[in-house]
Amino acid sequence: MDVATRRASQSFAVGPLAKKDGDLQETHKNLVVPPTPLDEGWVKIQRDQEEREAEINKKKQNAITRTLWTLIMIGGFLLCLLLGHGFMIVLVMVCQTLVYREVTALFSLGVSKSEDDENKGKDPWSKTLNWYFFAVTNYFLYGESLIYYFKHVVFADAQLLPFATNHRFISFMLYMFGFVGFVASLQRQYLKSQFGLFCWVHMSLLVIVVSSHFIINNILEGLIWFWLPASLVICNDIFAYLWGITFGRTPLIKLSPKKTVEGFVGAFFSTVIFGLLWGTLFMRFDYMICPAHNLGVTALSSDSCVPNQVFVWREWGLPAPLRIAASTLLGRTVTTLPYATYQFHLLVMSCFASLVAPFGGFFASGFKRAFNIKDFGHSIPGHGGMTDRMDCQFLMGVFTYVYYSSLIREHHVTVGSVLQTIVSGLSLDEQLELFADLKRYLEGRGVAL
């Protein structure tokens with residue numbers, strides 16, 4: 001029996017003793033009992049329990065959504081990988097567009113509310129110019145890549161030749177149109193906000209679009225130079241989480257309180273082992289290691305190529321102590337150990353992905369703290385914004401391109417490079433003379449033209 005019922009019973013029990021209407025009214029008043037501390041405590045417990053259940057249900061729903069979209073992203077990534085270089089390039093361009101949108105949208109958070117209300121609707125060209133500069137930057141950078149990697153196409157096609165020979169001038173003039181448009185849109189009372197947005201946009205273009213340009217160059221050099229570095233970053237992130245929740249005790253950096261030293265160290269060794277195994281597996285496929293000469297190539301119609309020397313298997317003669325130990329362990333005579341130079345490069349890329357690339361994520365965490373936001377956006381349900389997924393990938397992609405172009409790329413004379421020299425360095429008469437000489441040479445070799 002609760003407190004209210006017990007008090008009501010007591011009130012009705014004294015009812016027969018009441019002789020006057022006033023006493024009956026007083027007895028009726030006793031039916032309305034004010035809450036006691038015991039009642040308030042019980043209500044509070046029920047409310048807390050309901051809140052905990054709601055929080056648990058919310059976490060379960062978020063986990064389901066996050067898992068579902070993780071599978072969707074992995075499936076889409078693998079599908080683009082199988083469909084070829086062109087689809088991978090489109091995927092990178094979509095990702096960079098979403099990241100650019102999320103980062104440039106943060107500028108409005110840096111403007112005070114009163115100033116934002118005052119400026120609202122006063123600069124109608126700001127968003128248009130932002131995306132104009134984005135389009136021009138993409139035109140310049142990706143045009144450079146297409147001209148470099150597909151010389152044999154653009155310099156052999158009369159319709160593409162003006163684009164190839166005048167690309168940089170066209171890009172500069174397009175940028176100048178945007179610059180003039182920006183200056184023409186300046187208004188005296190909003191100069192600080194407009195110039196702040198101008199600088200914000202250009203820094204975003206430098207960090208996002210230029211980094212994406214290098215990543216696309218990695219794809220054109222061979223899918224393995226994109227697939228492997230991206231896999232290393234994902235692997236490191238997963239193992240840092242697993243080691244952190246299992247053994248994590250010591251905070252690593254204040255910008256990311258959930259990151260631990262134990263998770264960082266455990267992820268390093270895990271990523272190195274994963275990188276060696278994963279890279280050794282995929283370096284066996286021509287589809288992964290061959291540069292792109294045709295954007296229509298897929299996993300089912302891949303072409304063969306002369307592999308870069310780093311992918312060629314070699315034999316290392318084991319010293320006597322190691323030879324004896326290996327022979328005893330394997331139960332057969334072992335005198336050499338097969339290896340590929342690419343495996344040493346895997347060690348370098350794995351170390352960078354484990355020790356340096358995570359600081360791209362720490363940088364993004366500090367950026368979000370500066371704006372007091374949890375995620376950059378909501379482009380991916382359950383994961384936040386695209387920037388939250390690409391922060392480390394940009395850093396890793398730029399490193400891979402610089403490392404590859406400096407230490408690994410082989411420079412050979414190609415048909416495209418010769419054609420570029422002929423088209424850009426010889427006059428029309430000289431080109432015809434060269435063609436006649438080349439024709440006589442081939443006919444002398446027995447080639448019918």
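**View 1. Helices H4 and H10 side by side in a predicted model.** The axes of H4 and helix H10 (residues 191-221) come within 10 Å and cross at roughly 165 degrees. With that angle over 145 degrees, H4 counts as roughly antiparallel to H10. As for handedness, the crossing of H4 and H10 is right-handed. On the H4 side, the contact uses His85, Met88, Ile89, Val92, Met93, Gln96, Val99, Tyr100, Val103 and Thr104. Facing them from H10 are Trp200, Val201, Ser204, Leu205, Ile208, Val209, Ser212, Ile215, Ile216, Ile219 and Leu220. Sort the residues of this H4 and H10 contact by type and you get 16 nonpolar, 5 polar and no charged.

**View 2. Zooming in on Val103 of helix H4.** Is Val103 buried or exposed? Val103 has 12% relative accessibility, so it counts as buried. Skip the neighbours within four places in sequence, and Val103 is in contact with Trp200, Ser204, Ile208 and Thr387. Trp200, Ser204 and Ile208 also turn up on the H10 side of the contact with H4. There's a long hop in sequence to look at here too: Val103 and Gly385 are 282 residues apart along the chain, yet their C-alpha atoms are separated by 9.8 Å.

**View 3. H4 again, this time against helix H6.** Here H4 (residues 85-105) packs on H6 (residues 126-149) at an angle of about 150 degrees, and the axes are 12 Å apart. That angle makes H4 roughly antiparallel to H6. H4 goes past H6 in a right-handed crossing. H4 brings Met93, Gln96, Thr97, Tyr100 and Arg101 to the contact, while H6 brings Asn130, Trp131, Phe134, Asn138 and Tyr142. By type, the residues of the H4 and H6 contact come out as 5 nonpolar, 4 polar and 1 charged. Met93, Gln96 and Tyr100 of H4 are also listed in the contact with H10.

**View 4. The other partner of H6, helix H9.** H6 and H9 (residues 167-184) pack at about 170 degrees, their axes 10 Å apart. This makes H6 roughly antiparallel to H9. From H6, look for Leu129, Tyr132, Phe133, Val136, Tyr139, Phe140, Gly143, Glu144 and Ile147. They meet a set of H9 residues that includes His167, Arg168, Ile170, Ser171, Leu174, Tyr175 and Phe177. Further along H9, Gly178, Phe179, Gly181 and Phe182 belong to the contact as well. The breakdown for H6 with H9 is 13 nonpolar, 5 polar and 2 charged.

**View 5. Ser365 in helix H16.** Ser365 sits in H16, which covers residues 358-371. What is the relative accessibility of Ser365? The value is 16%, so Ser365 counts as buried. Leaving out neighbours within four places in sequence, Ser365 is in contact with Leu255 and Ser256.

**View 6. Two annotated spans and the whole chain.** The unreviewed UniProt entry carries the annotation "transmembrane region" for several spans, including 264-285 and 342-364. In the model, residues 264-285 are 86% helix and 0% strand, with end C-alpha atoms 32 Å apart. For residues 342-364 the figures are 91% helix and 0% strand, and the end C-alpha atoms lie 31 Å apart. Zoom all the way out and the protein chain has 19 helices and 4 strands. Of its 449 residues, 36% are buried. Among contacts between residues at least 6 apart in sequence, 72% join residues at least 24 apart.

Notes. Residues numbered from 1 in each chain as written. Predicted model: local features only at pLDDT ≥ 70, side-chain atom pairs only at ≥ 80, totals over all residues. Heavy atoms only, no water. UniProt positions renumbered as here; feature names shortened; annotations may be inferred. Axes fitted to C-alpha atoms, helices over the stretch in contact; angles between N-to-C directions. Parallel < 35°, antiparallel > 145°, perpendicular 65-115°, else oblique. Left-handed = near helix turned anticlockwise from the far one by under 90°. Contact = heavy atoms within 4.5 Å. Nonpolar A, V, L, I, M, F, W, Y, C, P; charged D, E, K, R; others polar. Buried < 20%, exposed > 50% of the residue type's maximum accessible area, 1.4 Å probe, protein only.
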